[in-house]
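User: I would like to go through this structure by question and answer, with the reasoning spelled out.

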Amino acid sequence: MAAALAVIAASVSLYPVFSGLTWFWCGVASVIVVAATGTLTRLRRLPVAAVLAAYAVALLLWLNLAFSNARSLWHLLPTPASLAALFDIAGQGFGEAAKYAPPAPELRGMVLLAAAGIGLTALLTDLIAVRLESAALAGLPLLLLFTEPFTLSVAPGFAGTAIAFCAGVAGYLALLSSEARDRIREWEHPGPAARDEPETGTLAAAGRRVGFASVVLALCLPLFIPGLHATRLFGGQPGIGGSGGTGGGGGGGGDGVIGFPNPNAQLFQELHSAQPQNVLAYATSDPYPGYLQVYTLDQLTDDAGWQMYSQPRDLVPVSPALPAPPGLTVTGPSVTRQTTNITVDRSVGSDAFGALPVPYPATSVKANGTLTADKSTLMVFDNGVSLGGLSYTVTGLNESPTYQQLAAAPPPADSTAAHYRSVPSSYDALKPLAEAETAGATSELQQAVDLQSWLSDGPFKYTLDAPTVLSAPALTRFLTVTRAGYCQQFSFAMAVLARLLGIPARVAIGFTQGAQQSSGRYLVTSHDAHAWPELYFQGYGWLRFEPTPNGGAGQASASPPVYTSQPASAGTAGQPQTQPSAGPAAAATSNPLRHLPFPGQSAGQQAPGPGSVSPWEIAGLVVAGLIVVLAAAPRCARGVIRRRRWRRRSAAGPPDAATARADRVRARDVAWAHAAWAELRDDLTDYGAPSRPSESPRAVAARAGTGLRLAVQAQAALGRIAMAEERARYAPAPADGARLRADSAAVRRAIAAAVPREARWRARLFPASVVTPALNALASTADLYRGSRRRSPQ
């Protein structure tokens, strides 16, 4: 039982991998099947090979029943067809696991893999801990299960990690405790009687203290050591980059230049981190700085979403000038040159970014190391330097064309359209939706603004609790069913819909502008990680759009560009009429507010809307409520016990009418005597003068009366209570109990007046007669198997 509970507790650590709970209950069922099989195999002594075979057969039967019963004999017994289908589903699960970034949808194949993996962990744990009698080594399969999310570059928040860690450790400690008690009992002679069993309570209590202290130390240590975080203990790095693993967002770097991480997975990781981590700070001459671009995803695939090419193409040295921004040929007052000085935070790992965060489009970069740039995306790579603490200067262009200028832009060249308009056929079913939402648009810009307005201001909701979109079916579900997500889903959707309308598009991933500090510099944190679409307009090149809901209802630091605000005089159906007009005046009046987070909130965090309550406020209210309830519980419990005790004693006695009245009165007086005596003992315990079980009622009364120096009236009441209890125990006729309740209250008031103030308040708020039994019951509950289990015959 302890082994099964330990596996279930350790499996809680997989919660960030999936977006639901079906996998968990399937895993629990696998554990139960394995535990029941192990119990049956121990009824007789069997070879280890036979036990392993029994485990495997039972687990296979369960998986076949749960995932492939339609082809089974009587929907229960496996057949060649059902086993073949089961292995096909497992193969699909491996393929799906390679496509989806956590939290993945609960697809059938992936749930099968989770149930099988948890079942195999339970098999190994039960075999090692119970059959081979080595509970300590059974922690190895539990550790493999616990560390699985970290191998997938999943970084749950601190609260989630702490809960999963405590659950896993509690299960493992219970397993060790169970084995330790068995070993202690083996020191006694075989088959001891229940009264002869060795007392393990002291050792168990010491073990609980050591285990509790170890868990608290493990949880608190990262909070007090700068730079030590859970994900870094397993090789992860903060920031949008991470170290080198390949995935849905990119492949291995070409010519040993750079190793690309999975941008989508890391974007999810950053936005879901419990506490924002500083990424970089910068000062800029731009009064309204734009976003900082790290990755550019320009290849749309069927089942892996937006991708970078497997390696940087057309890399050129930066010395310090960069290649000309693709498609940008317009000059004049709408294009200004700005300088930005960026310093990466020292806590950022040496390989956290696949590329340097820079404003787009950058024209020159000055930094230590060997700089190269991609001619088509202007991604900048700096090789041979540590990013932590790196400072570099970026000169770039700030484009502020008007709505009319972009609407009049000529169509792009065929060389650009060929690649950036290509869409896999699996997305063609979404083209009618794109056309319906842009009906009446007379230009590509108007179509783009319609899409942006529909996604950011339409029926969609911003939430971080949404699965990553990487395929046409997932995108269709997002656009037509769930309509809830964060920047990954919104940017993916707008870029695909724009291509379906014939507008060249791609996806960029990086950071929003962050929050301006009192010094004038901007601070960018991990919660400012963001994804956005970029659309191509001839003469102006690649321009960003913002379909993600922003402000109080979305990502707080996101902001739509000014050139997407249509002048009221040019309005048509379907166009946003309430946005400010384009131009410097509009930027001066509206744009700065969009760059500032809500008070007390870091940039990138979702701000609470009007009338809404943030999760932190809800958590604070819950914690405060629990504290109030816990503080009031002992006093309330003491009052309830007192009232129930007197009410129950008042109703004592034979209820039938045939019983003589004298017998009923006698039973009532006995009950009242016992109630008064129980109250007296609890009152003495509450006020720090408990009685010993060996003391007689008369001895307790004498010691309490003289020791507490009670008044004469109180001592008389105390004596009557003691005499009533003794007569109820030993005399043929009990004393009259009519005054005992009043005597009990008088003695309680006298005792309270006789003790110091601290003892008086302690008795009122935390009565020992309630708290001590509760703590003892809690300790007994933690001591799961004390005195109740024998070692099973092998």
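The questions below concern confidence, one helix and one sheet.

User: What is the mean pLDDT of the protein chain?

Analyst: The model is predicted, and its confidence varies along the chain, with residues 151–159 having pLDDT below 50 and 17 contacts beyond near neighbours in sequence. Residues 223–260 also have pLDDT below 50, with 100 such contacts in the model. Over the protein chain, 71% of residues reach 70 or more, and the mean pLDDT is 75.

User: Why are the buried residues of helix 23 on the same side of the helix?

Analyst: In helix 23, which spans residues 757–765, the buried residues are Ala759, Arg760 and Ala763. They lie on the same side of helix 23 because the arc they cover around the axis is only 105°.

User: Which exposed residues does the face of helix 23 turned away from its buried side carry?

Analyst: The buried residues of helix 23 are covered by elements that include helix 19 (661–686) and helix 22 (740–754). On the face turned away from that buried side, the exposed residues are Arg757 and Glu758.

User: Which strands are the edge strands of the open sheet of 6 strands?

Analyst: The open sheet has antiparallel pairing and the strand order 8-11-6-1-16-15. An edge strand here pairs on one side only, and this holds for strand 8 (362–366) and strand 15 (515–516).

User: Which residue in strand 16 is the bridge partner of Gln516?

Analyst: Strand 15 pairs with strand 16, residues 522–525, in the antiparallel sense over 2 bridges. In strand 16, the bridge partner of Gln516 is Tyr522.

Key. Residues numbered from 1 in each chain as written. Predicted model: local features only at pLDDT ≥ 70, side-chain atom pairs only at ≥ 80, totals over all residues. Heavy atoms only, no water. Buried < 20%, exposed > 50% of the residue type's maximum accessible area, 1.4 Å probe, protein only. Helix = DSSP H or I, 4+ residues; strand = E, 2+ residues; numbered from the N terminus. Arc of directions from axis to C-beta. Contact = heavy atoms within 4.5 Å. pLDDT = per-residue confidence, 0-100. Pairing = 2+ DSSP bridges.
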